[in-house]
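Reader: I am new to this structure and would like to understand how its descriptions are justified. Could you show it to me, and then take my questions one at a time?

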Amino acid sequence: MSINIPRGTQDILPGTVEKWQYVEQVAREICNQYQYKEIRTPIFEHTELFERGVGDTTDIVQKEMYTFTDRGERSLTLRPEGTAAVVRSYVQHKMFGYPDQPTKLFYQGPMFRYERPQAGRFRQFVQFGVEAIGSEDPAVDAEVISLAMELYKRLGLKEFKLVLNSLGDAASRASHKEALVSHFEPRIEEFCSDCQTRLKKNPLRILDCKKDRDHELIKTAPSLKDYLNEESTAYFEKLQHYLTTMGIDYELDPNLVRGLDYYNHTAFEIMSSADGFGAITTLCGGGRYNGLVEEIGGPSSPGIGFALSIERLLAALEAESIELPVTSVLDCYFISMGEKAKEHFVKLTYQARQQGLKVEMDYKSRKMKAQLKSADRLQAKYVAILGEDELAEGIILVKKMESGNQEKIELDHVIDYLKKQ
Ligand code: HAM
């Protein structure tokens with residue numbers, strides 16, 4: 001019996017992988033312009049990092065982590081997201097001591113969540129994300145948001161929107177939390193068991209419950225925006241002012257609650273508005289996390305970041321029928337007629353590649369027609385045909401595929417000839 005890929009994962013095959021590489025390259029370029037430096041952290045971390053970092057009342061920690069015990073009896077977890085690990089590294093390597101703050105980092109790599117797979121939702125997916133740690137200036141929030149928007153824009157997406165909310169500072173959240181508890185407590189038994197636990201630990205998450213989303217108490221729940229204190233309101237207004245001056249449109253959504261516990265002040269998502277994108281429209285999510293560095297054992301250092309999955313980005317491009325410029329061409333396909341010509345090509349292709357040319361040859365002693373078809377499929381600019389007679393004469397027939405023009409070239413000069421084209 002053959003073995004298939006695990007549920008919720010995918011093979012990215014040649015033909016598609018070029019799109020991934022292209023997107024990753026554009027993301028890198030933008031990070032370079034914005035001065036975010038790449039960081040690579042391990043695929044697995046101590047489970048406690050995510051329990052403390054992401055929050056033990058979140059769905060991610062309660063239901064979705066790939067956790068295992070290693071041979072040394074340590075509990076380890078495949079990272080479900082990147083922020084906690086980046087913050088761990090920031091603390092461990094004392095990046096708060098770097099002269100230039102905020103420390104601006106980006107990452108790209110696989111994340112793992114045991115979720116119910118569906119369109120746009122995988123168990124292994126690749127996140128591209130950035131984190132700016134060490135400044136509490138709304139200008140940094142604006143920069144981070146603009147970076148995410150820029151990536152979608154540069155790839156040609158048109159139908160997407162920025163949705164923004166403020167979760168306020170700790171004081172605002174505490175008074176909102178109190179109001180939520182008084183609102184839900186008298187009728188909490190009408191809610192699912194998860195929400196009953198959330199009431200005490202993190203009642204804000206009740207608003208985000210998938211099971212109870214239609215309950216009337218959710219619709220009438222006290223809104224966080226009515227509990228933002230003066231500082232939080234001023235912070236949020238300043239951010240909006242910056243976005244407006246940058247010409248970045250946004251929608252305010254007071255119900256935008258992110259699925260991770262570390263957020264305060266700014267929370268945002270970028271959603272696709274393309275027809276036929278599917279049920280899950282969030283392309284990117286992020287926000288500010290001013291208490292996270294302390295939670296993970298570092299000094300108080302405010303941070304903000306976002307992450308987006310390449311899977312959803314590519315799906316959005318597809319929904320808008322956007323083709324990425326990823327076609328690759330071959331400089332020359334070497335067509336051999338007979339064993340001796342093929343043997344000659346073993347050396348010639350090696351030398352051509354050393355000279356920087358992109359070339360291919362036939363390894364299956366196929367007929368000329370089949371080799372020509374390969375050259376076509378590989379979008380070869382030239383084919384160079386060698387048979388026993390040409391070999392004896394020391395020449396090779398070079399044909400330009402576009403025009404059909406043919407030339408006889410001295411075999412020793414064919415690489416130079418191709419290099420000049
Ligand atoms: P998140 O909202 O959990 O936030 O995930 C961010 C993005 O990752 C989502 O908007 C989506 O594009 C992608 N994503 C999440 N789960 C899946 C999945 N199962 N399949 C495919 N794509 C998925 C975070 O992870 C935070 N660490 C973001 C952040 C960084 N906040 C501050 N800094």
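Reader: Which side chain has an N or O atom 2.8 Å from a nitrogen atom of the ligand, and what makes that a polar contact?

Author: It is the side chain of T83, which has an N or O atom 2.8 Å from a nitrogen atom of the ligand. A polar contact is a pair of N or O atoms within 3.5 Å; within protein, one must be able to donate a hydrogen and the other to accept it, and residues adjacent in sequence count only if both atoms are side-chain atoms. Two further pairs involve oxygen atoms of the ligand: one lies 3.0 Å from an N or O atom in the side chain of Q127, and one lies 2.8 Å from an N or O atom in the side chain of R258. The protein covers 96% of the 650 Å² of accessible area that the ligand has on its own (areas come from the Shrake-Rupley method with a 1.4 Å probe, and for residues only the protein chains shown count as cover).

Please keep in mind that this is a predicted model, in which local features need pLDDT of at least 70 and side-chain atom pairs count only at pLDDT 80 or more, while totals for chains, interfaces and linings use all residues. Residues are numbered from 1 along each chain as its sequence is written, and side-chain values use heavy atoms, with hydrogens and water left out.

Reader: How many residues surround the ligand, and which element gives the most to that shell?

Author: There are 28 residues around the ligand, and the closest are E81, E115, F122, Y263 and L283; a residue is near a molecule if one of its heavy atoms lies within 4 Å of it. Strand β10 gives the most to this shell, with six residues. Elements are DSSP runs numbered from the N terminus, with helices (H or I) of at least four residues and strands (E) of at least two.

Reader: Why is S166 called buried?

Author: The relative accessibility of S166 is 3%, so S166 counts as buried, given that buried means under 20% relative accessible area, exposed over 50%, and partly exposed in between (1.4 Å probe, protein chains only). S166 lies in strand β7 (residues 160-166), and its side chain reaches the backbone nitrogen of G168 at 3.1 Å. Leaving aside residues up to four places away in sequence, S166 touches L224, L228, F236 and H265, where contact means heavy atoms within 4.5 Å.

Reader: Why is helix α11 described as largely enclosed by the rest of the structure?

Author: Helix α11 (residues 310-319) has 10 residues, and seven of them are buried, so the helix is largely enclosed by the rest of the structure. The buried residues are I310, E311, R312, L313, L314, A316 and L317, and they pack against α1 (17-34), β6, α5, β10 and β11.

Reader: What makes S321 stand out, and is S321 buried or exposed?

Author: S321 has a positive phi of about 50 degrees although it is not a glycine, and its place is in the loop between α11 and β12 (330-336). At 63% relative accessibility S321 counts as exposed, because that value is over 50%.

Reader: Why does Q379 count as partly exposed?

Author: Q379 has 40% relative accessibility, which is neither under 20% nor over 50%, and therefore counts as partly exposed. Q379 also has a positive phi, of about 55 degrees, although it is not a glycine, and lies in the loop between α13 (368-377) and β14 (380-386).
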